[in-house]
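I opened the model and kept a short notebook while going through it. The entries follow in the order I looked things up.

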Amino acid sequence: MSQRQVLQGVISLLRPLLLDVVPTIQQTAALALGRLANYSDDLAEAVVKGDILPQLVYSLAEQNRFYKKAAAFVLRAVGKHSPQRAQAIVDCGALDALVICLEDFDPGVKEAAAWALGCTSRHNAELSQAVVDAGAVPLLVLCIQEPEIALKRIAALALSDISKHSPELAQTVVDAGAIAHLAQMILNPDAKLKHQVLSALGQIAKHSVDLAEMVVEAEIFPVVLTCLKDKDEYVKKSACTLIREIAKHTPELSQLVVNAGGVASVTDCIGSCRGNTRLPGIMMLGYVAAHSENLAMAVIISKGVPQLSVCLSEEPEDHVKAAAAWALGQIGRHTSEHARAVTHTLPVLLSLYMSTESSEDLQMKCKKAIKGILPKCTYLPALEPFLYGAPPNILKHVLGQFSKVLPHDSKARRLFVTSGGLKKVQEIQADPGSLLQEYINSINNCYPEEVVRVLPKEFEVERRRKRLLFFLTAHGTHLSFMSNPQCLPLLRSREATEAQ
């Protein structure tokens, strides 16, 4: 007999004990069923198929507070696993009984009922709507006003799970007056409660401009910024997420965040944490910078670029690097001044784009960031390294930028020659008539014809010197001899001998 069959046999033996005349046995049997259902989805399915749920629902209205807590625990343990299990909770009529428990005198019963309702609503909008239709939201709002911290946590979590699915469900939570009460608890000393409160406000604000404005009107700024310095990593992440969900909607909301000191605070928060905790803060900086030139400059002034650069270079997870690459692209795409602020990150972006170890998403984000920054970059020394290692699809944009800037900047033209950039351009192989060839021709037209004509001869000299180096090395000749210009006739003589 398999372990699963044994456990299913145990469940069938526990079911009659729910009807035992001794209340303690009933409670213990319900608690055992809850622990079994909590263990795995298979056992939760066995509880559902064993017709145990209707008995529990019936007893919720009849039994004492100890049994109610145990029965609500079973419903939570079943409903948390999947939408199918949660639908079974709805189908057996448990929601109405759980809502009645939210009005119970005992805070432990309220907590157990709120937790079961939250686990049911977390899966999808349809299940959340069923919880709303049962009348749970106003009672959950009352629960967050109770003095018990544990009850506040679970009620805030349930409101968050309901709000996250759609604007309509979030509006239902708002209409019940939840925002004002949640905002008052942002500075509660309990870290777990703060995490749930910030999460609930973020789930409300993310759906629309109107909902985000309602959250802002609850005067969460600058209070929420203090949470960015909290010792708890979950509180930091939830606070960054809330600010991100507000800032992403409009330039006006982003400006409000900037005026409150939100960009500088988030930048400091990114520097004080690691891994996934950084992710919402990185995205927040990207959203703010995307709206306008002035907001992108606010990110630069708040020293957001160095922190994003650190994330791009040091974070081990590709999805965090991808977010940093996207944010840098949003900052650098506006003007030449913005592009200059992020040019030092271009080599890192290129190496991540070309790395075979990078994920597809990271490569795509790096490519888009590079293509967004390059057209605005007028600081040509930052682009020259791309001439030596960039693939053709990136090199095309680099040469295009050189062809735009060089005709109008005499100093840049001189530096381009002395640095060897013009030489490198002559080495690039391009198909006749291609856009790449057009850019090369435009660059060459910036210089006198004799300068461009001499460069191939210099390449030939360099090629011959390298061949001589190989020849001398093979014959054990001292390598310093190659620096003597008189070595070239010897090489020509050897070439003639080889030809004969």
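**Entry 1: a charged surface patch**

I started with Glu 252, which counts as exposed because its relative accessibility is 58%, above the 50% cut-off. I am working with a predicted model, so I kept in mind that local features need pLDDT of at least 70. Glu 252 sits in helix α17, residues 251–259. I then asked which residues gather with Glu 252 in a patch of negative charge. They are Asp 210, Glu 213 and Glu 217, and the patch is on the surface. Which helix gives the most to the negative patch? I found that α15, spanning residues 209–217, does so with three residues.

**Entry 2: backbone oddities**

Next I checked backbone angles. As a reminder to myself, most residues other than glycine have a negative phi, and most peptide bonds are trans. I noted a cis peptide bond between Phe 221 and Pro 222, with omega at about 0°. Pro 222 belongs to the loop between α15 and α16, the latter covering 233–247. Glu 219 is in the loop between α15 and α16 too. Its phi is positive, about 60°, although Glu 219 is not a glycine. Is Glu 219 buried or exposed? I read a relative accessible area of 64%, so Glu 219 is exposed.

Lys 303 also caught my eye. It is not a glycine, yet its phi is positive at about 65°. I placed Lys 303 in the loop between α20 (293–301) and α21 (304–314). Its relative accessible area is 58%, so I logged Lys 303 as exposed.

**Entry 3: a nonpolar patch**

I looked for nonpolar surface. Leu 17, Val 21, Val 22 and Ile 25 make a patch of about 330 Å². I traced Ile 25 to helix α2, residues 23–39. Ile 25 is only partly exposed because its relative accessible area is 34%; exposed would need over 50%.

**Entry 4: two buried positions**

I picked Gln 330 in helix α22, which runs over residues 318–332. Gln 330 counts as buried because its relative accessibility is 15%, and the limit for buried is under 20%. What does the side chain of Gln 330 contact? I found a polar contact with the side chain of Arg 333 at 3.0 Å.

Ala 116 was my second pick. It lies in helix α8, residues 107–121. With a relative accessible area of 1%, Ala 116 is buried. I also took the C-alpha separation between Ala 116 and Ile 89, which comes to 9.4 Å. These two residues are 27 residues apart along the chain.

**Entry 5: salt bridges**

How many salt bridges does the structure hold? I counted 14. I went through several of them.

One of them joins Lys 68 and Asp 104, with the closest N and O atoms 3.2 Å apart. This pair links distant parts of the chain, 36 residues apart. Lys 68 is in helix α5 (residues 65–79), while Asp 104 is in the loop between α7 (94–101) and α8. I checked the burial of both partners. Lys 68 is buried at a relative accessible area of 15%, and Asp 104 counts as buried at 16%.

I turned to Lys 110, which forms a salt bridge with Glu 146; the closest N and O atoms are 3.2 Å apart. Why does this pair tie together parts that are 36 residues apart in sequence? Because Lys 110 lies in helix α8 and Glu 146 in the loop between α10 (136–143) and α11 (149–163). I logged Lys 110 as buried, with a relative accessible area of 12%. Glu 146 is partly exposed, with 23%.

The third one I wrote down is between the side chains of Arg 153 and Asp 190, at 2.8 Å from N to O. It also links distant parts of the chain, 37 residues apart. I found Arg 153 in helix α11 and Asp 190 in the loop between α13 (178–184) and α14 (191–205). Arg 153 counts as partly exposed at 25% relative accessibility. Asp 190 is buried, with a relative accessible area of 19%.

Last, I looked at shared partners. Asp 41, Glu 45, Lys 49 and Arg 85 are joined into one network by salt bridges that share partners.

How values were computed. Residues are numbered from 1 along each chain as its sequence is written. This is a predicted model: local features need pLDDT of at least 70, side-chain atom pairs count only at pLDDT 80 or more; totals for chains, interfaces and linings use all residues. Side-chain values use heavy atoms; hydrogens and water are left out. Patches are made of residues with over 30% relative accessible area and no salt bridge: like charges are joined within 9 Å, nonpolar side chains (Val, Leu, Ile, Met, Phe, Trp, Tyr) within 5 Å. Accessible areas come from the Shrake-Rupley method with a 1.4 Å probe; for residues, only the protein chains shown count as cover. A salt bridge is a side-chain nitrogen of Lys or Arg within 4 Å of a carboxyl oxygen of Asp or Glu. Lys and Arg count as positive and Asp and Glu as negative; His and the chain ends are not counted. The place of a charge is taken as NZ of Lys, CZ of Arg, CG of Asp or CD of Glu. Helices (H or I, at least four residues) and strands (E, at least two) are DSSP runs, numbered from the N terminus. Buried means under 20% relative accessible area, exposed over 50%, partly exposed in between (1.4 Å probe, protein chains only). A polar contact is a pair of N or O atoms within 3.5 Å; within protein, one must be able to donate a hydrogen and the other to accept it, and residues adjacent in sequence count only if both atoms are side-chain atoms.
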